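Please open the structure in a viewer and keep the sequence at hand. This tour proposes a series of selections and describes what is found at each one.

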Amino acid sequence: MLETYSRLAAQALRDEPPTETQARWILDGDDVALLPLLHAAYVPRERHFGRKVMVHVLNNVQNGLCPEDCGYCAQNRDSKAAIRKYAMKSDDEIFAAAEVAARAGATRYCMVLSGRSPTLDRTKKLADLVRGVKSRWPIEVCISVGFIDDDQARILAEAGLDRLNHNLNTSEEHYGAICSTHGYADRVNTILTAKRHGIQSCSGIILGMGETSADVVELALRLRELEVPSIPVNFLIPIEGNRVVVDGSLTPERCLRALALMRLVNPRAEIRAAGGREGHLRALGALALWPANSLFVDGYLTTRGDATRETYRMIRDAGFEIDGNPACDREAFDGEKTGDFRLPGDPDSLLRPDVARSTRGVG
Ligand code: SF4
């Protein structure tokens, strides 16, 4: 049986994706043993990234007010989610958040703007922000701005933009179930446009939106075909008021199998255990680091996530290291010394309230 896993790892080292049958087995096989599968995915991860973990910090630079209807997104035009809508943040706010990300040792700072596509003026403004961040701190910059054409891509490439995020989210066949205002081909076009201009693309999936395993396999293979170098694997966060809410398929094991599949299909790509990892992977969160070599810290666009210190502690406890930037304030984030004891909640109360002796009136 272990031969099956060794074969998958060997294929990945040769840059050969799993066959369709192997891919479906990884997601659905009754006889899959999780730890050997994760180890098979770890083999190419280790070859290409060692034990390093890249860390991304998101800044939701413009929230809500979007004319599109992506059903999973709290910023979509029809969502009833209780979010605060705001136009683009000021330069000062954007630079201040970039500094926080750089000092936290993040590999990349991701500025995300809601909307279908930026105007040319907005694109030039974003180009200035990219230059501004990169001239101040040694951190890579990624933006997510919807669709871009050649003119917009040229402006952003000239500014030194490292990456453009534009998720495919699901398979071509399932796309109509999550969005009606644009199509899958529009998204593929933007990835190809960025690529033509030398901007790396970051494009991934959201799991838990009613997709089948065949959809997941199709998307993993499509991302490989598009040679996407950065793949976020998101796990849908259920937000009240959105049309598409989590479909109940996401056990921690399903999430880990999907991460392993994404790594084995795309052995050289940066695979990110992205939005929703905390809530869906739960106690198995650290196991994501075997297939994935990248994480977000400090939450997502509209929802909370684990804080930087907590995530760094998980990375170190699992025996991995943070692939940060030189501006990192090491002392602030080096965390507990080996052997330190930590309990969530009030640090002054170790005893359970039902066994603690009252100290009122003592002394
Ligand atoms: S995912 Fe982007 S394009 Fe779609 S509704 Fe949300 S902000 Fe708008």
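Begin by selecting E173, which counts as partly exposed because 13 C-beta neighbours lie inside 10 Å. The model is a predicted one. E173 is placed in the loop between strand 4 and helix 7 (175-178). Add Y184 to the selection: eleven residues separate it from E173 along the chain, and the two C-alpha atoms are 8.8 Å apart.

Next, select strand 4 (residues 163-165) together with strand 3; the two pair in the parallel sense over two bridges. Within this pair, I143 stands opposite L164 in strand 4. To follow the chain from strand 3 to strand 4, trace helix 6 (residues 150-158), through which a right-handed β-α-β crossover is made.

Remain with strand 3 (residues 140-144). Is this strand enclosed or open? Four of its five residues are buried, so the rest of the structure largely encloses it.

Now add strand 2 (residues 108-113), which runs parallel to strand 3 and is joined to it by five bridges. Two facing positions may be highlighted here: M111 stands opposite I143, and V112 stands opposite S144. Helix 5 (residues 120-136) belongs with these two strands, as strand 2, helix 5 and strand 3 form a right-handed β-α-β unit. Strand 2 is itself mostly covered, with five of its six residues buried.

From strand 2, move to strand 1 (residues 52-62); six bridges join these parallel strands. L58 is the residue opposite C110 in strand 2. The route from strand 1 to strand 2 passes through helix 4 (residues 91-103), and this β-α-β crossover is also right-handed.

The following selection concerns the interior. Which residues have the most contacts inside the largest nonpolar core? They are Y109, V233, L259 and L261, in a core of 96 residues. Helix 10 (residues 252-265) gives the most to this core, contributing nine residues. In soluble globular proteins, nonpolar side chains tend to be buried together. Centre the view on V233 and display its contacts beyond four places in sequence: G204, I205, L207, A258, L259, M262, I271, R272, A273 and A274.

Finally, select the ligand and the residues around it, namely C66, E68, C70, C73, Q75, N76, S114 and G146. How does this shell divide by residue character? Three of its residues are nonpolar, four are polar and one is charged.

Note on methods
Residues numbered from 1 in each chain as written. Predicted model: local features only at pLDDT ≥ 70, side-chain atom pairs only at ≥ 80, totals over all residues. Near = placed C-beta within 6 Å. Nonpolar A, V, L, I, M, F, W, Y, C, P; charged D, E, K, R; others polar. Buried ≥ 20, exposed ≤ 12 C-beta atoms within 10 Å, placed from the backbone. Pairing = 2+ DSSP bridges. Right-handed = clockwise from strand over helix to strand, strands pointing away. Core = buried A, V, L, I, M, F, W, Y, C linked by C-beta atoms within 7 Å. Contact = placed C-beta atoms within 7 Å.
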